[in-house]
Amino acid sequence: MDHSAHSSAGHDAPAPSLNELARQATIHCLTGCAIGEVLGLVIATQLGWHDLASVALAIVLAFAFGYGLTLRPLLGSKMPVANALRLAFASDTISITVMEIVDNAIVLLIPGAMAAGITDALFWASLAISLIVAGLAAFPVNRWLIARGRGHAVVHASH
């Protein structure tokens, strides 16, 4: 009987390529960043905060959600909290930092984006554009890190 047809268990499946691992890592980080960015900017917009406070809240929440998405499965696998925190910081910090720099720079550069309310198309369009570009900027960073056994390669090795 050919067991290669039973790869759904994950034992016979080929290892993902470097590009696939980098794609997965980028989507993972982008998800956390997007949740934090959207939540932060929605809260700040609703509270009438100025640009600096809005960006600061969005960045703090992007890091919190980014790290949180990495910590959840690590802690779920019964990894000690200190080890999980070290892995999350090591794997996500550079990627999230790149995404946040690119994302926030783009939103700040789009005329009227920071003044737009959450019911304005400009608010959501500028956020979508900035997150897409941030993901594209982070992909080569994640690929470079994984190729060197850093970033999400460390997290994948711990599973």
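Isoleucine 35 lies in helix H1 of this predicted model. With a relative accessibility of 35%, isoleucine 35 counts as partly exposed. The residue contributes to a nonpolar surface patch of about 490 Å², the other members of which are Leu39, Ile43, Leu47, Trp49 and Phe65. Helix H1, which spans residues 18-47, gives the most to this patch, with 4 residues. An α-helix has 3.6 residues a turn, so residues three or four places apart point the same way.

The cysteines were examined next. A disulfide is a covalent bond between the sulfur atoms of two cysteines. Under a cut-off of 2.5 Å between cysteine sulfur atoms, the count comes to 0 disulfides. Cysteine 29 takes part in none, as the nearest cysteine sulfur, that of cysteine 33, is 6.4 Å away. For cysteine 33, likewise in no disulfide, the nearest cysteine sulfur is that of cysteine 29, at 6.4 Å. Because its relative accessible area is 1%, cysteine 29 is buried. Cysteine 33 is also buried, with a relative accessible area of 1%. Both values fall under the 20% limit for burial, whereas the 35% of isoleucine 35 places that residue in the partly exposed class.

Helix H3 comprises 29 residues, from 81 to 109. The distance from the first C-alpha of H3 to its last is 39 Å, close to the 42 Å expected at 1.5 Å a residue. The helix nevertheless contains a kink of about 45°, centred on aspartate 92.

Conventions
Residues numbered from 1 in each chain as written. Predicted model: local features only at pLDDT ≥ 70, side-chain atom pairs only at ≥ 80, totals over all residues. Heavy atoms only, no water. Helix = DSSP H or I, 4+ residues; strand = E, 2+ residues; numbered from the N terminus. Expected span 1.5 Å × (residues − 1). Bend = angle between axes of the 7 residues up to and from the residue. Patch = residues over 30% accessible without salt bridge, like charges linked within 9 Å, V, L, I, M, F, W, Y side chains within 5 Å. Areas by Shrake-Rupley, 256 points an atom, 1.4 Å probe, with all protein chains shown as cover. Salt bridge = Lys/Arg side-chain N within 4 Å of Asp/Glu carboxyl O. Buried < 20%, exposed > 50% of the residue type's maximum accessible area, 1.4 Å probe, protein only.
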